[in-house]
Amino acid sequence: MRILLAEDEQVLSDQIKTLLIAEGRAVDTVADGDEAHFLGSTEPYDMIILDIGLPGQDGISVLKKWRAEGIDTPVLILTARDGWSDRVDGLDAGADDYMTKPFNMSELAARVRATLRRKSGQTNPMFEKDGISFDTRNGRVAANGMPVDLTSQEVAVLSYLVHNSGRLISRTELSEHIYAYDGDRDSNTIAVFITRLRKKLGPDFIQTIRGRGYMIDAA
Ligand code: CA
């Protein structure tokens with residue numbers, strides 16, 4: 001799952017990025033509103049974390065533009081402690097959630113997970129099908145109750161397919177959602193990850209539709 005992080009406080013931005021990467025997300029960071037608007041309008045993010053106080057265009061203006069353009073990517077806004085009017089404006093402008101600075105990093109991680117689940121229409125954090133379980137809270141995978149060891153890239157691929165279960169996903173779409181903007185995208189690598197996942201999870205969990213992509217049936 002790929003996230004755009006727009007935050008101009010460098011230290012905070014680095015902390016959030018580190019946290020999200022540890023959670024298996026691909027992260028693009030920007031530090032001003034104009035860049036945030038551009039990337040959010042042109043790249044296919046699974047969610048956006050948007051500071052309200054950004055140089056250039058402020059976060060509320062950026063959010064309003066996205067919504068006016070029909071960009072419906074879930075947005076979590078970050079506001080100052082005394083910024084209740086920003087929170088009201090942000091929610092009215094189409095934000096899905098907010099956090100008030102300073103916040104606890106574990107809470108942010110949990111809100112990101114919840115937002116991504118809501119976007120997928122999944123209320124249950126545990127995805128289970130055909131004896132395979134995927135815990136969206138920690139990326140742990142089990143086959144018939146036995147833990148399965150996956151690399152972080154394999155988890156990233158599996159996570160995107162699980163969050164979009166029931167839908168055919170092309171290699172291009174997968175690579176756009178598991179690599180950051182500057183990531184080394186190669187759709188052949190995706191095929192390698194899928195092959196390894198099928199070895200570890202059995203041949204039936206992930207379906208390959210030749211020439212079109214991959215799919216996990218809805219739970
Ligand atoms: Ca700021």
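There are 16 salt bridges in this structure, which is a predicted model. Below is a quick tour of a few of them, followed by a calcium site, a lysine beside that site's donor D51, an aromatic pair and a histidine.

**Salt bridges**

- Start with R25 and E23: they form a salt bridge whose closest N and O atoms sit 3.8 Å apart.
- R25 is the buried partner here, with a relative accessible area of 8%, while E23 is partly exposed at 28%.
- E107 pairs up with R111 in another salt bridge, and this time the closest N and O atoms are 3.0 Å apart.
- Both of those residues belong to helix α5, and because they are 4 residues apart there, about one helical turn separates them.
- E107 is partly exposed, with a relative accessible area of 35%, and R111 also counts as partly exposed, at 27%.
- Then there's D135, which forms a salt bridge with R137; the closest N and O atoms are 2.9 Å apart.
- D135 is buried, with a relative accessible area of 10%, whereas R137 comes out as partly exposed at 42%.
- Elsewhere, E7, E9, D51 and K101 are joined into one network by salt bridges that share partners.

**K101, a member of that network**

- You'll find K101 in the loop that runs between strand β5 (97-100) and helix α5 (105-120).
- Its relative accessibility is 15%, and buried means under 20%, so K101 counts as buried.
- The side chains of K101 and D51 are joined by a polar contact of 3.0 Å.
- Not counting residues up to four places away in sequence, K101 touches E7, E9, L12, D51, L78, T79, A80 and R81.

**The calcium site**

- D51 turns up again here: the protein donors of the calcium ion are D8 (OD), D51 (OD) and G53 (O), and they lie 2.2 to 2.3 Å from the ion.
- D8 sits in the loop between β1 (2-6) and α1 (10-22), and G53 sits in the loop between β3 (47-51) and α3 (59-68), so this pair ties together parts that are 45 residues apart in sequence.
- Written as a pattern, the spacing of the donor residues in sequence is D-x42-D-x1-G.
- As for accessibility, D8 is partly exposed, with a relative accessible area of 32%.

**The aromatic pair**

- The structure holds 1 aromatic pair, made by F127 and F205.
- The arrangement is edge-to-face, with 6.4 Å from centre to centre and 70° between the planes.
- F127 is in strand β6 (residues 126-129) and F205 is in the loop between α8 (187-201) and β10 (207-209), so the pair links parts that are 78 residues apart in sequence.
- F127 is buried, with a relative accessible area of 5%, and F205 is buried too, with a value of 5%.

**H37 and its surroundings**

- H37 is part of helix α2, which covers residues 33-42.
- With a relative accessible area of 15%, H37 is buried.
- Setting aside neighbours within four places in sequence, H37 is in contact with Q57, V62, K65, W66 and E69.

Methods
Residues are numbered from 1 along each chain as its sequence is written. This is a predicted model: local features need pLDDT of at least 70, side-chain atom pairs count only at pLDDT 80 or more; totals for chains, interfaces and linings use all residues. Side-chain values use heavy atoms; hydrogens and water are left out. Helices (H or I, at least four residues) and strands (E, at least two) are DSSP runs, numbered from the N terminus. Buried means under 20% relative accessible area, exposed over 50%, partly exposed in between (1.4 Å probe, protein chains only). A polar contact is a pair of N or O atoms within 3.5 Å; within protein, one must be able to donate a hydrogen and the other to accept it, and residues adjacent in sequence count only if both atoms are side-chain atoms. Contact means heavy atoms within 4.5 Å. Donors are N, O and S atoms within 2.8 Å of the metal (3.2 Å for Na, K and Ca); water is not among the atoms, so sites may look incomplete. Rings of Phe, Tyr and Trp (its six-membered ring) pair if their centres lie within 6.5 Å; planes under 30 degrees apart count as stacked, over 60 as edge-to-face and the rest as tilted. A salt bridge is a side-chain nitrogen of Lys or Arg within 4 Å of a carboxyl oxygen of Asp or Glu.
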